[in-house]
Structure formats: C-alpha cells, structure tokens
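Hi,

Here is the structure I promised to pass on. Have a look at it first, and then read my notes below.

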Amino acid sequence: MKEYQTISEISGPLVFAEVDEPIGYDEIVEIETPEGETKRGQVLESSEGVVAIQVFEGTTGIDKNASVRFLGETMKMPVTEDLLGRVLDGSGQPIDGGPDIVPDERHDIVGAAINPYSREYPEEFIQTGVSAVDGMNTLVRGQKLPIFSGSGLPHNDLALQVARQATVPEEADDEDGGSEFAVIFGAMGITAEEANEFMDDFERTGALERSVVFMNLADDPAVERTVTPRMALTTAEYLAFEKDYHVLVILTDMTNYCEALREIGAAREEVPGRRGYPGYMYTDLAQLYERAGRIKGREGSVTQIPILTMPGDDDTHPIPDLTGYITEGQIMMDRDLNSQGVQPPVNVLPSLSRLMDDGIGEGLTREDHADVSDQMYAAYAEGEDLRDLVNIVGREALSDLDNKYLDFADRFEDEFVDQGYDTNRTIEETLEIGWDLLSMLPKDELNRVDEELIEAHYREEETEEVAAD
Amino acid sequence: MSQTQESVREDGIIASVSGPVVTARDLDARMNDVVYVGDEGLMGEVIEIEGDITTIQVYEETSGVGPGEPVENTGDPLTVDLGPGLLDTIYDGVQRPLDVLETKMGSPYLDRGVDAPGIELEKEWEFDPTVEVGDVVEPGDVVGVVEETVTIDLKVMVPPDFEGGEVDSVESGSFTVTEPVVTLDNGEEITMRQEWPVREARPSATKKTPRKPLVSGQRILDGLFPIAKGGTAAIPGPFGSGKTVTQHSLAKFADADIIVYVGCGERGNEMTEVIDDFPELEDPSTGNPLMARTSLIANTSNMPVAARESCVYTGITIAEFYRDMGYDVALMADSTSRWAEAMREISSRLEEMPGEEGYPAYLSARLSEFYERAGAFENINGTEGSISAIGAVSPPGGDFSEPVTQNTLRIVKTFWALDADLAERRHFPAINWNESYSLYKEQLDPWFQENVDDDWPVERQWAVDVLDEEGELQEIVQLVGKDALPEDQQLTLEVASYLKEAYLQQNAFNPNDMYCPPEKTFAMLTTIHHFNDEAFKALEAGVPVEEIISIDAAPRLNRIAVQDDWKEFIAELEADIQEQLRELY
Ligand SMILES: Nc1ncnc2c1ncn2[C@@H]1O[C@H](COP(=O)(O)OP(=O)(O)OP(=O)(O)O)[C@@H](O)[C@H]1O
Ligand SMILES: [Mg+2]
C-alpha cells in the first residue's frame with residue numbers, strides 16, 4: 001500500500017491529494033496527521049492524478065505534510081451476532097470497553113438495493129401498545145415509519161415506548177420470545193443527555209442485550225454522521241436477513257444527518273438544491289430508508305423508525321418533505337398537544353401509515369379496525385374544524401350535533417391519544433376506547449362504518465360522562 | 001437491454017469517477033451510445049462529448065471503479081427489445097427483467113455488471129402468419145400473430161426502419177424471437193423481436209383528436225375530470241395525498257388494452273404490491289388476470305439514478321410498440337418529479353448551467369417530448385392506437401408553483417390536483433374539485449351521452465354548480481356558523497355534503513367501491529340530484545330544513561357505493577326519499 005504526502009488542498013471536511021495510481025471511487029482512505037493521529041475518509045471523486053477525500057473525523061490537525069493511504073476497498077462493517085449488547089461509536093468502533101469484535105463477515109456499508117421482485121410485501125401487524133399508532137397509524141413489520149417532531153418535543157419517549165412494547169401478538173407466546181425485536185439504535189449528533197436517556201432505558205429494561213448501539217454525539221465529527229446510519233443498517237440487514245431476527249432500527253436525529261450532507265455539499269462547492277441542501281438528498285435518503293423491508297424466503301425483517309426534528313416545526317422543510325416522500329407514512333408530534341399535556345402528543349390527522357390497509361382487519365387485528373379508524377379520523381377532523389368556528393361564534397351558536405363533534409375531539413385527545421408512556425394497550429383495548437368515543441355520535445353519522453359493525457359495537461346507552469381513566 | 005453489438009468502435013479508458021458520472025479518454029463514441037464501463041462492465045450511456053473527453057452516465061453503482069479502467073463502446077444507442085414477453089414482466093429502468101436478475105445474481109440484492117436481454121431469447125412462441133408468399137408488405141404491416149398472454153395477441157410487424165417488399169418465405173409454428181419468421185425479397189428478415197432506441201419516438205402516420213374516454217372506474221375522474229384515450233394527465237400532490245393509490249387504481253381498472261406502469265424513483269414495496277396483486281386481480285373488461293395486460297418498470301428510489309432517468313423512455317417505447325399494433329395503451333409514471341430530479345442530478349455533476357431551482361434548462365423540453373409521445377394515432381400500418389400518459393408529480397412541500405409541476409401543466413390537458421387538507425381528513429381520492437380540470441370534457445360528452453345517458457353533461461354541470469355554491473357558502477359559515485344561513489342555503493350545504501361524501505369519495509380498498517362503472521357513477525349522481533329536488537320541493541312547501549335533512553333515508557345515500565346490488569338499493573332509496581319527504585307536507 002502506497003503512502004502519499006501529496007495533499008494539495010484542504011477545504012472544510014474535504015482533502016485533495018495528488019496520486020500516481022488509479023484510486024477507486026468510494027474507497028476508504030487513512031490520513032495520518034503529523035501528530036500521529038489517524039483519521040478515516042472516503043474518496044468522493046477520483047480523477048487521474050488527483051482525488052477528493054471526505055474526512056469523517058474532520059480535517060482539524062491535517063496539514064500538507066499528513067500522509068495519505070488508500071486501503072483499496074470501500075467501507076465495510078464487521079458483522080456478527082455478537083454485536084448484540086454492544087455499544088459502538090459512530091463509525092463502528094466499540095466504546096463500551098468490551099472485547100474486540102470478531103466479525104463473521106464484513107459487509108459493504110453502502111448496501112445494494114433490494115430487488116423489488118425479491119421483496120415480500122409487509123403486512124404483519126406490530127402492536128406497539130400506543131393507541132394513536134396501533135389504532136390510527138398501524139405499524140407493520142418491515143415498514144419505515146418516521147417520527148416527525150420538533151425540538152424539545154418528547155419524540156424519544158415515544159420511540160422508547162415503542163421499542164419496549166412492540167410485539168407481534170400472534171407470536172407473543174412463542175417459547176423463545178420470538179416476537180421480541182432486536183433493536184439497532186443509530187444516534188447522529190444527539191446530545192450526551194439524550195444519549196443517556198436512551199442508554200438508561202435500555203439498561204433498565206434489559207433491552208441492551210438485544211440491542212446494538214451506534215453513538216455519534218453532538219460533539220463528534222459531523223461528517224461521521226454520514227456513515228453511522230449505514231453502519232447501523234448494514235448490521236440490521238445482516239441480523240434480519242442472515243440471522244432471522246426481527247429488527248427495529250431507530251435512527252435519530254435524521255436532521256443532523258442531513259445537515260452533515262449539506263456541509264459536505266457546500267465544501268464541494270456543489271450547486272445547492274432547496275434551502276442549501278444537496279440536490280441528491282432525496283436519492284441519498286432513499287438509500288437509507290429503502291433498506292427497510294422483508295425479503296421473500298427470509299425469516300427476519302427490518303422495521304425502521306427514523307426520528308427527525310423539523311426545523312421551525314415546518315413539515316414542508318426539505319428534510320421532513322423528502323423523508324415523507326420516501327417513507328411509508330409518518331407519525332406527527334404536535335407542539336400544542338404537548339403543551340396540553342397529551343402523552344404522546346401525536347396529531348393523528350397529518351400522521352399516516354401507508355401499510356396499514358393490508359396489515360389490519362379480520363384475522364390480523366379485528367374486522368372493525370379499518371372502519372373505526374376511518375370514522376375517528378373524519379370525526380376528529382370535523383371537531384378540529386369546529387374549534388376554529390367556536391372561537392368566533394361561541395358554542396351556543398352551534399347545533400347539538402356540532403357540539404357532539406367538539407366533545408368528541410376533546411375526548412379523543414384526552415382518552416384515546418393521551419395514555420402516558422407506560423401504558424401498554426392491546427389492540428382490543430384501543431378499539432374499544434374507539435367505540436366508546438364513536439358512540440357519542442348519533443348512529444347516522446357513522447357513515448364510514450359498516451352497518452353490521454355498528455350493530456355489534458355501538459354503545460346504545462352511552463352516558464354523557466364515562467369515567468376518564 | 002439489447003444484446004447485439006454491431007459496429008464496435010474505439011474503446012477508451014476512465015479518466016474520472018464521481019458517483020454515476022464517469023469521464024473517459026480516447027473513446028470514439030457518438031452521443032447516447034451505450035458503453036460498458038470499468039473491469040466489471042457496468043452499463044452506461046454517453047451524455048456529453050467534449051474534445052477528447054467523453055462523459056458517461058452509468059446505470060449501476062460505481063463504488064470502487066477508478067481511473068485507468070477500460071470503457072468499451074457498443075456503438076449502439078440505448079434500445080429496448082420489443083416482442084412477446086413484455087407483458088407480465090417487471091423490468092428495471094434499462095429493461096433488465098428483475099426476475100432474471102434475481103436468478104442470475106443468486107441474491108435478493110441488485111448486484112452490478114449483470115446484463116440480461118429484455119425478452120427471453122430462447123423461449124419459443126407459436127407464430128401464426130397473416131401473410132402469404134407473394135404479398136407485398138410495408139414498414140409497420142402485420143405479418144403474423146402470437147398469443148402473448150391470455151388477453152393479448154401480439155402482432156408481429158415489419159419494423160418501421162425496414163424497407164418492406166414482397167414476401168419471399170413465411171414460417172408457421174414454434175420459433176424463438178431471433179429466428180426469422182418472414183423473409184422479404186430484398187433479403188430483409190422479420191423476427192418476432194424488434195429493437196428500438198428509447199429516446200426516439202416510433203413513427204406514426206397522423207395524430208388525431210381523441211374522442212373516446214379512458215374510462216377509469218373512478219367517479220370523480222370519469223364524472224368530473226375525464227381523460228381521453230390518447231390524452232395526457234398530471235396528478236400533482238404532496239406526499240401521502242394519494243398519487244400512487246390513484247395510479248394503481250387506474251392501472252387496475254382503466255379500460256385500456258395495455259397498461260405500462262413505470263415506478264420511477266419511488267418505493268420498492270409499492271412495486272411489490274403490484275407484483276403481488278395484479279396476477280390475482282381480474283381485468284374488469286376481460287376477467288383475465290390483470291398482469292396479462294401489464295408491463296411493469298421499476299426503478300425504485302434507491303436504484304441507480306441514471307437508470308431512473310431512462311425508465312420513462314423505456315416505458316413509453318414499450319407503449320408505442322403496442323400502439324403500433326392498434327391497441328389502446330395507458331402509461332402511468334410515478335413519479336415524473338423523480339425523473340426530473342435524476343436529470344438535475346446528472347446535470348449538476350456535469351456542471352451545466354442550472355435553470356430554475358437547479359433543474360437543467362432542457363427540463364421543459366424533455367417533459368414535452370415525453371408527453372408528445374402520447375396521443376390518439378393513426379399508425380403507419382393504417383390501424384388506430386392510442387397512448388394515454390398519466391404522470392404523478394411530487395412537488396417539494398406540496399407547492400405547485402415549482403418548475404416540474406408548472407412545466408407539466410403547460411403540456412397536459414387533464415389536471416387532477418391532490419390536496420393535503422382533503423387527505424388529512426381522509427377524503428379520498430383527495431382530488432380538489434375546485435382546482436382540477438379536464439380540457440377533454442366537451443369532446444368526450446358525446447361518448448358518455450351515447451354509452452351512458454343523454455343527461456351526462458347536464459348532471460355533471462349540476463354537480464359542479466352545487467359544489468361551487470358550497471365553496472362560497474363555506475366562507476360565510478366560517479364566519480357566522482351554519483345556523484345563521486337562510487334555510488335554502490343550509491339545504492344546499494346538505495346536498496353538497498352528500499356530493500362530497502357519497503359521490504366524490506371512493507375507497508380504493510373497498511371491493512364494491514374500488515371500481516365504479518360509468519352507469520353507477522351516473523346513477524349515484526342522479527340519486528343525489530333526486531334528493532335535492534325532492535328536498536327543495538319540501539322546503540318550498542314550508543317544511544323546516546331541520547326536518548328535511550333528518551329523514552331516515554338520506555344517510556343511505558352514503559352507502560350506495562359499497563352495495564353488492566346498487567341498482568336495487570338505489571331504486572328503493574329513491575322511493576323512500578320521495579315518500580319520507582312528501583309525508584312532511
Ligand atoms: N382512494 C383512496 N381510498 C382509500 N385510501 C386512500 C385513497 N387514496 C389514498 N389513500 C390513502 O392515502 C395514503 C397515501 O396515498 P399514496 O401512497 O397514494 O400517496 P402519494 O401521493 O403517492 O404519496 P408519495 O408522494 O409519498 O408517494 C394511502 O396509503 C391510503 O391510505
Ligand atoms: Mg406515491
């Protein structure tokens with residue numbers, strides 16, 4: 001392996017070096033600073049005589065005398081089942097003081113695309129125990145369902161609750177606890193405090209032993225964030241599709257990941273896309289999110305819950321926007337609900353699970369599930385609309401029916417959505433609460449529910465106040 | 001992708017690699033030639049030539065590829081293979097069959113450097129000639145028929161770039177697609193397979209004004225904003241508003257002979273869903289499995305971006321091939337925005353001067369070239385065929401003022417505007433009836449009048465008027481509440497709410513509702529109109545609006561759509577409405 005001391009330019013996270021042999025695109029590079037520190041990077045562009053290198057750990061300390069070594073291969077993640085229970089840094093090095101990792105295999109971290117013909121359509125209901133999710137935005141195995149949040153909102157509590165409670169009810173009695181998920185946690189640029197929150201929870205609940213943690217913290221190099229989720233997903237794919245695990249991947253915070261992309265793009269003086277983010281951000285994000293799914297003939301699955309904080313709570317910002325265009329729905333956290341004390345503060349109206357339709361119903365959840373959820377959406381939307389009007393004309397000016405919708409919306413938030421982070425509801429419990437609420441409305445209004453289901457479930461004698469839980 | 005490589009020109013070597021864009025030195029190539037790049041022979045296409053440097057977009061991942069590696073030129077432009085086997089198949093963006101790739105690669109992941117012909121070369125098909133020795137045939141003429149699927153007979157045609165002449169010999173029986181089945185006196189050999197460069201439209205005789213609707217089975221489309229066979233349509237909308245569900249519904253139920261579905265830069269699972277569902281679902285016009293009339297092209301968001309750029313061309317070329325046989329083809333592209341972004345990505349790597357929002361200046365030209373390939377045609381062989389093109393558009397932030405939406409709207413004649421508000425309240429399809437339009441409406445009316453009901457346009461206009469009025473009234477309601485309106489206006493709101501709930505909404509997942517034949521679309525509308533007329537009579541007779549709108553029968557309007565026997569249901573319902581309302585006065 002040849003060493004070069006030929007750095008010609010250093011700019012932000014990028015280093016340009018002259019070479020006299022062909023270097024492969026995407027290859028891994030080691031740069032040794034005069035102080036003896038070794039940094040890793042990746043070839044971003046390779047031309048005859050010169051290469052552009054993106055340095056993961058930042059270019060601080062690199063000068064023109066640093067030596068550059070090309071490793072002749074693209075970036076790999078050493079994978080083994082023994083990774084479960086381990087804590088690694090953002091580029092896959094153990095930081096838990098445990099033994100060295102003896103890999104079974106080394107996998108390219110830029111995963112190849114799954115052939116759409118080889119995919120299996122995801123349709124196994126995951127019970128998260130959270131009504132706003134299970135009842136209204138059902139998650140299934142192999143889905144990618146992000147949490148769209150804002151700074152300071154309790155998205156981590158929701159993610160942890162899901163990680164703790166998620167089961168596939170049919171399999172819950174398997175003798176080997178077959179329905180438990182292995183959790184891959186990929187942190188990108190989160191604060192040490194947030195990281196502790198996660199680690200404490202993992203340790204407290206014993207989840208750590210079925211988890212692999214990748215930690216890139218706020219004070220770790222930003223460029224490293226571009227490899228962290230790829231390391232995490234490579235591990236997830238290995239465990240799912242070679243070792244039959246059902247894997248839940250939590251990636252947080254995708255916003256920091258995108259900022260890192262923007263930084264690299266700026267350093268390369270690329271023509272920026274919307275709001276300064278690279279024009280290829282859609283493709284780049286798709287190469288992460290599309291690594292969720294199921295594969296024909298393989299036991300395991302990769303389910304993704306990426307978390308992102310929307311700058312300015314704006315869901316048209318490029319980060320949530322492009323994410324929403326790739327993922328199979330989104331769970332939307334809401335600042336107003338949060339200040340009302342609703343836990344979790346999920347606003348179901350802009351939330352969506354696109355894989356819900358095939359994952360619910362008779363034999364999967366319950367035959368009334370789809371209708372109940374449709375009707376609750378419509379009723380809550382109606383109630384929400386009326387709230388605006390009430391502010392202007394007052395409740396008295398509204399009809400009886402309108403007032404019922406207003407009450408419905410209130411109780412929907414208080415009883416259905418607000419359940420706390422420690423309550424684990426079965427899907428039956430969730431749907432029964434749904435019927436309690438729907439029965440506030442006259443039968444005629446339930447036009448999205450099948451008549452037979454109304455007969456079976458509608459509470460004829462719904463008293464005005466059911467004791468709140 | 002085509003396998004034949006005739007005039008191999010001078011090869012070159014790689015000068016630089018940056019993602020999907022590779023430059024080569026010493027390559028003697030023409031624009032759009034297909035080349036094989038690097039030691040692994042990755043497929044690419046020449047997109048720029050400047051002095052000694054040739055720029056190539058590579059259709060596969062380029063990790064590990066470096067300067068100095070060879071570039072081999074095939075001397076041919078990017079072509080597709082056309083022949084039996086296109087239907088009931090799923091391709092990537094450069095027409096490699098994905099099932100074959102799975103077998104060849106022995107893995108569920110898409111590996112690199114593996115090529116596969118677009119149609120199977122060894123498989124034998126039963127060729128049934130329709131010409132005899134001595135007949136004179138011209139380019140485009142049909143010389144025989146192959147039963148490609150249970151639904152579709154593929155017509156074997158003289159390729160458009162042949163000269164034509166007198167038939168010298170004709171075969172009949174089982175042949176592979178490379179064996180000549182007809183030879184002409186000038187030596188031209190006709191096989192069941194043709195090749196065609198994807199970026200070039202196949203020739204036609206003339207383009208005509210489309211006069212027949214592409215019946216979609218979707219009430220709001222057929223009823224208010226119909227598209228013609230040979231028409232163009234755009235469905236823009238923010239994420240999660242229903243573009244894909246609408247495109248899937250069209251692919252399932254539109255009364256076209258052939259469906260070409262292009263999944264361009266979208267989700268893998270959505271294509272899997274089609275692959276799973278279509279073989280099981282019945283084609284409403286023939287009862288055969290839907291796959292038998294469908295060709296799928298899937299270049300998902302995580303697949304190489306250059307192949308995303310080419311996938312719409314692959315799709316439309318396949319569509320033209322069936323049009324040439326006299327079929328009505330419908331092509332769906334989901335999403336044309338991802339195609340435009342692929343152009344932008346390649347363009348920016350070429351450091352071209354960016355236009356609006358970084359898109360290349362030729363964005364608008366490319367979009368119109370694409371939609372221009374749709375239309376109702378008279379073919380060069382005298383038959384008539386059509387291509388309807390329906391493109392989803394994914395505007396950033398759902399803002400329609402962006403370049404792809406705007407450039408598309410300048411071209412297409414049907415506009416189905418999806419609306420985030422409607423989608424949020426689960427009003428599906430979330431097509432905004434105020435913003436959407438169809439410029440084909442009038443020219444299609446005669447067909448609907450002849451085939452459904454004379455009153456088709458009148459009833460539609462009634463619905464549009466009620467919805468318009470509702471829009472205006474809602475603005476007042478927002479300020480003062482519903483009860484402050486005069487009674488007749490309150491009643492109009494009630495009627496409009498049935499139009500919205502019962503007629504405009506359609507559940508794509510309900511077995512009775514997902515497909516709505518035009519007769520049912522019409523009957524549902526007239527039933528609501530009937531309620532309107534009876535209700536206003538009652539109002540005029542002095543019945544308070546509260547009583548009118550709370551008759552038992554009215555909410556049943558919302559249930560027509562899901563009935564097993566809607567005809568009987570409507571008959572009863574209309575009678576009940578009349579009886580219950582007249583009882584009030
Ligand atoms: N006609 C319909 N009937 C019932 N549900 C629908 C209908 N149209 C859309 N939906 C619902 O809306 C969801 C989103 O629709 P769809 O996936 O088509 O959105 P999209 O516009 O293609 O979004 P993206 O741009 O992100 O791909 C669906 O998963 C489904 O739940
Ligand atoms: Mg879509």
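A quick definition before the ligand: I call a pair of N or O atoms within 3.5 Å a polar contact; within protein, one must be able to donate a hydrogen and the other to accept it, and residues adjacent in sequence count only if both atoms are side-chain atoms.

Some housekeeping too. This is a predicted model, so local features need pLDDT of at least 70 and side-chain atom pairs count only at pLDDT 80 or more, while totals for chains, interfaces and linings use all residues. Residues are numbered from 1 along each chain as its sequence is written, chains are lettered from A and ligands numbered from 1 in the order in which they are written, and side-chain values use heavy atoms, with hydrogens and water left out.

On to the ligand. Ligand 1 sits between chains A and B. There are 21 residues around ligand 1 (near means a heavy atom within 4 Å), and those that come nearest are B:Gly240, B:Lys243, B:Thr244, B:Val245 and B:Arg267. A polar side-chain atom of B:Arg267 is 2.7 Å from an oxygen atom of ligand 1. B:Gly240 uses a polar backbone atom, 2.8 Å from an oxygen atom of the ligand. On the nitrogen side, a polar backbone atom of B:Gln506 lies 3.2 Å from a nitrogen atom of ligand 1.

Now the interface. With contact meaning heavy atoms within 4.5 Å, 78 residues of chain A and 72 residues of chain B take part. The buried area, which is the accessible area (1.4 Å probe) that two parts lose on being put together, summed over both, is about 6,100 Å², and carbon and sulfur atoms give 51% of that.

How many salt bridges are there between chain B and chain A? The count is four, taking a side-chain nitrogen of Lys or Arg within 4 Å of a carboxyl oxygen of Asp or Glu. One of them joins A:Asp385 to B:Arg425, where the closest N and O atoms are 2.3 Å apart. Polar contacts link 36 residue pairs across the interface (both at pLDDT 80 or more).

For the secondary structure, helices (H or I, at least four residues) and strands (E, at least two) are DSSP runs, numbered from the N terminus. On the side of chain B that touches chain A, elements that each supply at least two residues include strand E1 (12–18), helix H4 (268–277) and helix H11 (456–480). H4(B) gives the largest share, seven residues.

There is strand pairing between the chains as well (two strands pair if DSSP finds at least two bridges between them). Strand E5 (residues 38–47) of chain A pairs with E1(B) in the antiparallel sense over two bridges, and A:Ser46 stands opposite B:Val17.

Within chain B, strand E9 (residues 124–129) runs antiparallel to two partners: strand E14 (residues 173–176), over four bridges, and strand E11 (residues 142–147), over three. B:Phe127 stands opposite B:Gly173 in E14(B) and also opposite B:Val146 in E11(B). E11(B) is joined in turn by five antiparallel bridges to strand E12 (residues 153–157); these two form a hairpin with five residues between them, and B:Glu147 has B:Asp153 as a bridge partner.

Finally, chain B has an open sheet of four strands in the order E10-E13-E15-E16, with antiparallel pairing. Its edge strands are E10 (136–137) and E16 (189–190), each pairing on one side only.

Cheers
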